[in-house]
Each structure stands twice: as C-alpha cells, then as structure tokens.
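Subject: Structure handover

Dear colleague,

I am passing on to you the structure that we spoke about, and below it you will find an account of what came out of going through it. Please read the account with the structure open beside you.

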Amino acid sequence: MCTISTFLKNKFKILRTEPSNPHFIALIKMLDATLQEVDGEEHSFYAQYNALSTIKNVVVLFDDDIAIACGAFKQFNEHTVEIKRMFTHPTHRGKQAATSVLTELENWATELNYTNAILETGVNLTNAIALYTKNGYTKRANYGQYIGVDNSICFQKSFP
C-alpha cells in the first residue's frame, strides 16, 4: 500500500506507506534521538507509547527524492485518530514540510471516515505546539496514559 502525491506549491512528494518503510524508520531514529535529549529520564515513559506495531498509516515527505519529514496516525476510537511520530529533519524546518505531512494525515483520516484527531506532545517542544496551533488544533485535557503527566500537552481537532 503506497501512493504518491505531489505538492506543487512546495515541490514536495508525499508517500502514503506503512511503518516498515525504510525512509520512515530512518526519520524515526532521528526523532527518537531528539526526544531522548529533550525528555531525558522521562524518555522511556513516552517511548513505550510509540510502538510502530500499533501504527498502520504512515506518511513520508520527500524533497528532491530525500526523505525529510514524516508522521503517522493510529485509530484511537471509532471516530478519532491519534497523530503520532511527527518529525521534520532539522535542515528542512520552516519550509512547511510538517504542515504538508499533517495535512496529508488529516486528508487520509478523513478518507477513512474519521472525523477527529488527537495528539500529545511535550511542553518543551515549542515548535510542535506552534505547528499544531497554527493548523487548527486546540488544547484539550490530557487523555489516556498522559493524564496527570505535567510534561505532556494534548491537542484535538475536528475535521470539516
């Protein structure tokens, strides 16, 4: 299951794929290294909720055939997906790559008849918080395993 779309505005190519995709795995390794630094001792708590075995829907964004960003979602409930594993390579930040990935994830979820998305990010990940806010996500109470976790901030969005 792989489909490719092209975003002419940014000249990005987007691949809808699976978590076993080698480009996705390479980006996730960079994400995990970054999160290890940011989360410090709490990294193992968060890492346990990022297993790729629970994810089926993955998006990888390419610029000139180089994988530069990724994201994924998994079913949270009948109407809601949980956005996971969002990452943009540091050299490509500020070029709308993350917004392109997030938009594609939302479009894909909508095609699969989901009407909402939720996500968790860290309070210290100010760029991620800005990304989600800019793209119409609103802060919500922490859910599931993030209830009572002071370093987590959760967001939600309903699709039109």
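**Overall layout**

Read from the N terminus on, the elements of the chain follow the order β-β-α-α-β-β-β-α-β-α-β-β, which comes to four helices and eight strands. Please keep in mind throughout that this is a predicted model. The chain has 160 residues, of which 46% are buried, and it exposes about 8,500 Å², with carbon and sulfur atoms supplying 53% of that area. Among the contacts in the chain with a separation of 6 or more, 64% are between residues 24 or more positions apart.

**Strand β5 and its partners**

A good place to begin is strand β5, which spans residues 80–88 and is mostly covered, since nine of its nine residues are buried. On one side of the pairing scheme is strand β4 (residues 66–77), which pairs with β5 in the antiparallel sense over seven bridges, and within this pairing Gln75 stands opposite Val81 in β5. The connection between β4 and β5 is a hairpin that runs through two residues.

The pairing of β5 with strand β6 (residues 116–122) is in the parallel sense and is made over three bridges, with Glu82 standing opposite Ile118 in β6. To get from β5 to β6 the chain passes through helix α3 (residues 97–111), and this β-α-β crossover is right-handed.

**The nonpolar cores**

In soluble globular proteins, nonpolar side chains tend to be buried together. Here the largest nonpolar core holds 27 residues, and the members that touch the most other members are Leu61, Ile83, Met86, Tyr132 and Tyr137. Several elements each supply at least two residues of this core, namely β2 (12–17), β3, β4, β5, α3, β6, α4 (126–134) and β8, and it is α3 that gives the most, with seven residues.

Taking Ile83 as an example, and leaving aside its neighbours within four places in sequence, one finds Ile83 in contact with Ala72, Phe73, Leu102, Leu105, Ala117, Ile118, Leu119 and Tyr137. There is also a second, separate core of 14 residues, which includes Phe24, Val58, Val60 and Phe62.

**Three buried positions**

Leu131, which lies in helix α4, has a relative accessible area of 12% and is therefore buried, the cut-off being under 20%. Apart from its neighbours within four places in sequence, Leu131 is in contact with Met86, Ala98, Thr99 and Leu102. Its C-alpha atom is separated by 9.5 Å from that of Gln96, although the two residues are 35 residues apart along the chain.

Asn57 lies in strand β3, which covers residues 57–63, and with a relative accessible area of 13% Asn57 is buried as well. Once its neighbours within four places in sequence are set aside, Asn57 is in contact with Thr17, Gly71, Ala72, Phe73, Leu105, Trp108 and Leu112.

Ser152 is found in strand β8, made up of residues 152–158, and Ser152 counts as buried because its relative accessibility is 6%. The side chain of Ser152 is joined to that of Glu120 by a polar contact of 2.8 Å.

**Two residues with positive phi**

Most residues other than glycine have a negative phi, and two residues of this chain are worth a look with that in mind. Asp65 has a phi near 65°, a positive value in a residue other than glycine, and Arg85 likewise has a positive phi, near 55°.

Is each of these residues buried or exposed? Asp65 lies in the loop between β3 and β4, and at 59% relative accessibility Asp65 counts as exposed, because the cut-off for that class is over 50%. Arg85, on the other hand, is found in strand β5, and with a relative accessible area of 6% Arg85 is buried, in keeping with the account of β5 given above, where nine of nine residues are buried.

With best wishes

Technical notes:
Residues numbered from 1 in each chain as written. Predicted model: local features only at pLDDT ≥ 70, side-chain atom pairs only at ≥ 80, totals over all residues. Heavy atoms only, no water. Buried < 20%, exposed > 50% of the residue type's maximum accessible area, 1.4 Å probe, protein only. Polar contact = N/O pair within 3.5 Å; in protein donor to acceptor, adjacent residues only side chain to side chain. Pairing = 2+ DSSP bridges. Right-handed = clockwise from strand over helix to strand, strands pointing away. Contact = heavy atoms within 4.5 Å. Areas by Shrake-Rupley, 256 points an atom, 1.4 Å probe, with all protein chains shown as cover. Core = buried A, V, L, I, M, F, W, Y, C linked by side-chain atoms within 4.5 Å.
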